Amino acid sequence: MTIGRDDILRVAQLAQLDVPARDVEALAAQIGRIVDYVAQLNEVPAGESAQPFQAGPARTPLREDVPRSVPLVRGVETFAPEFRDGLFLVPRLGAMEAE
Amino acid sequence: MSGLTHQANGVAERLRAADARGLNATLHWSEENLAAEAARVEALAGAGATLPLAGMPIALKDNIVTTDAPTTCASRILEGYRSPYDATVVRRLREAGALIAAKANLDEFAMGSSTEHSAFGRVLHPTHPDRVPGGSSGGSAALVAAGVVPAALGSETGGSVRQPASFCGIVGVKPTYGRVSRYGLVAFGSSLDCVSVFGRTVDDASRVLAVIAGQDEQDATTVDAPPMTLEAAPGSLRGIRIGLPAEYFPADLDAGVRAGVDRAAAALRALGAELVPVSLPHSAYAVPTYYVLAPAEAASNLARYDGVRYGVRRIGPAGDLPALYRATRGEGFGAEVRRRILVGTYVLSAGYYDAYYNKAQQVRNLIAADFTKAFAPGGVHFLLTPTTPTPAFRAGEKTADPVSMYLADIFVSAVSLAGLPAMSLPAGLSEGLPVGVQIIAPAFEESRMLALASALEAALGAAGEVR
């Protein structure tokens, strides 16, 4: 399968990732090679196993849903780029809501 | 000066020497932290605590969070980030008296097989600087192989401890998925990720794994399995059947690697084990399966790095929230991480999900079923394979072609997909470079696997095959 420039730009938009224009052609070639390589999975006869693999325990144990404090050695404000009055600060949302 | 302070000073001296020779294996360490660690362990000992790792210096891959040092995952996007809590494995190491010595360099977000994809520069192979140490846990491996620390934690998603252990000539152990808590391990591929252990010897690695293993209520995928025990090396392996899977011995296997497996097989036979041919036919599809599922999970897990809650922030030209996401992620992630996010997003997107993601999930089940069949009653107790198809390759040799780099993990990916325990053990040299053999065990059979490895280690050492 050939991956083109438009495919890269579409996937980059889905992934919320800026891709420099100068890198798009190279990325298309590299990702095309990867997708061609993984396409060999189609050689494996279909229907041999309909079940997807389950990692870990067959049943996930759930603990009681009781609110409790989480011990942190420092507040969340120390690792966020901007934080004020208990809130994470981000640019205004207007442009996104308009989309 | 107390023994622990002396120990901490010795570690600092070795870390300084490693930095001075340009190994580039560490991202963070400080004399202050080491002194604080020594004082902390001294206080524990003074209070009469049982300390199975008393004073043992241990390095941590920098995708395992700690409160006393930054955690960057070797990425610009997390530069300067400090976790407000310790990972469960770190808490357990501290409680056992270990000295947390350093945070080790890695491929960015653990994505790579050579530790050339770190935002902070590549890690050198400890004895052959023009070669790679393997990856993604290359910094941890290099620190152990260079004698800076006797043990280190890495993480495996698809062989990232066994492969560098083989390249660097040390022991690398991946536990069963669910044996060790992932709480505080920065997520890459959540159905695959395992905190794993490097050691100079099987004994070093076993002692560390026994401490960090066990169910954790902070990680619902940990399993309430019988605890790991430290078993002595058996004097005889009579009655033990070890499978040699045909698919792991291709015609183009490096001759020195093949010779290493032959040496290990001969030593096991001499100890009384029976070696039998087996087949794991779907292992041939392990690398393509892995490179669908791991990027898909990564694309989801790394969505959290958006410039709002962690690390750096870039404001895009439009100055709004979507522009902030795109600019932060576009500038913050390196080339390999961007590539994997794009592949993962592609295979999860409408129109391709069934053809790639669902198909890979089905093949993963077939790969796991092959192992179940091999280990079924009447089958084999363990499997023996090469860890890697070649010894450590040259830096820059595979960076231009991602698929060629991915194939360095051809013998380690299947085990990760099946969630089984496995380890790499040094088995001599190929043209001066270390080669390793891989031992694979049934789920939760780490104790028996490590006992077998101890017996093999002693036999190879006694024969002068391994230093």
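Q: In this predicted model, which pattern does chain A follow along the sequence?
A: The model is predicted. Chain A has three helices and two strands. Read from the start of the sequence, their order is α-α-β-β-α.

Q: What percentage of the residues in chain A is buried?
A: Chain A has 99 residues. A residue needs 20 or more other C-beta atoms within 10 Å to count as buried. In chain A the buried share is 19%.

Q: In which element of chain A is confidence lowest?
A: The mean pLDDT of chain A is 84, and 87% of its residues reach 70 or more. Confidence is highest in α1(A), at 96. Where pLDDT is low, the coordinates should not be read in detail. At a mean of 51, the lowest confidence in chain A belongs to α3(A).

Q: Which element gives the most to the side of chain A that touches chain B?
A: The contact takes 48 residues from chain A and 57 residues from chain B. On the side of chain A, α1 (5-14), α2 (24-38) and α3 (94-98) each supply at least two residues. The top contributor, with eight residues, is α2(A).

Q: How many nonpolar residues does the side of chain A that touches chain B have?
A: The contact takes 48 residues from chain A. By class, that side has six charged residues and nine polar ones. Its nonpolar residues number 33.

Q: Is Asp85(A) buried or exposed?
A: Asp85(A) lies in the loop between β1 (83-84) and β2 (87-88) of chain A. Its phi is near 50 degrees, a positive value in a residue other than glycine. Most residues other than glycine have a negative phi. The cut-off for exposed is 12 or fewer other C-beta atoms within 10 Å; because Asp85(A) has 6, it is exposed.

Q: What is the radius of gyration of chain B?
A: Chain B has 14 helices and 11 strands. For its 467 residues the globule rule gives 23 Å, and the value for chain B is close to that, so the chain is as compact as a globular protein of that length. The C-alpha trace spans about 70 × 65 × 45 Å along its principal axes. The radius of gyration of chain B is 21 Å.

Q: What share of the contacts in chain B with a separation of 6 or more joins residues 24 or more positions apart?
A: Of the 467 residues of chain B, 63% count as buried. The contacts asked about are those in chain B with a separation of 6 or more. Residues 24 or more positions apart account for 75%.

Q: How many residues of strand β3 of chain B are buried?
A: Strand β3 of chain B covers residues 99-104. The strand is mostly covered. Of its six residues, the number buried is six.

Q: Which residue of β3(B) stands opposite Thr26(B)?
A: Strand β1 (residues 26-28) of chain B runs antiparallel to β3(B), and two bridges join them. Strand β2 (residues 57-61) of chain B runs parallel to β3(B), with five bridges. From β2(B), Lys61(B) stands opposite Ala104(B). From β1(B), Thr26(B) also stands opposite Ala104(B).

Q: Which helix joins β2(B) and β3(B) in a right-handed β-α-β unit?
A: The two strands run parallel. Together with a helix of residues 88-95 they make a right-handed β-α-β unit. That helix is α3 of chain B.

Q: What is the omega of the peptide bond from Gly135(B) to Ser136(B)?
A: Ser136(B) is placed in the loop between β3 and α4 (138-145) of chain B. Most peptide bonds are trans. The bond from Gly135(B) to Ser136(B) is cis, with omega near 10 degrees.

Q: Is Glu431(B) buried or exposed?
A: Glu431(B) is found in the loop between β10 (422-430) and β11 (433-440) of chain B. Its phi is positive, near 50 degrees, in a residue other than glycine. With 9 C-beta neighbours inside 10 Å, Glu431(B) counts as exposed.

Q: Which residue of chain A is in contact with Ser191(B)?
A: Ser191(B) sits in the loop between β5 (171-174) and β6 (194-199) of chain B. Ser191(B) is buried, with 21 other C-beta atoms within 10 Å. Leaving aside neighbours within four places in sequence, its contacts are Glu297(B) and, from chain A, Ala55(A).

Key: Residues numbered from 1 in each chain as written. Chains lettered and ligands numbered in written order. Predicted model: local features only at pLDDT ≥ 70, side-chain atom pairs only at ≥ 80, totals over all residues. Helix = DSSP H or I, 4+ residues; strand = E, 2+ residues; numbered from the N terminus. Pairing = 2+ DSSP bridges. Right-handed = clockwise from strand over helix to strand, strands pointing away. Rg over C-alpha atoms; globule rule 2.2 N^0.38 Å. Contact = placed C-beta atoms within 7 Å. Nonpolar A, V, L, I, M, F, W, Y, C, P; charged D, E, K, R; others polar. pLDDT = per-residue confidence, 0-100.
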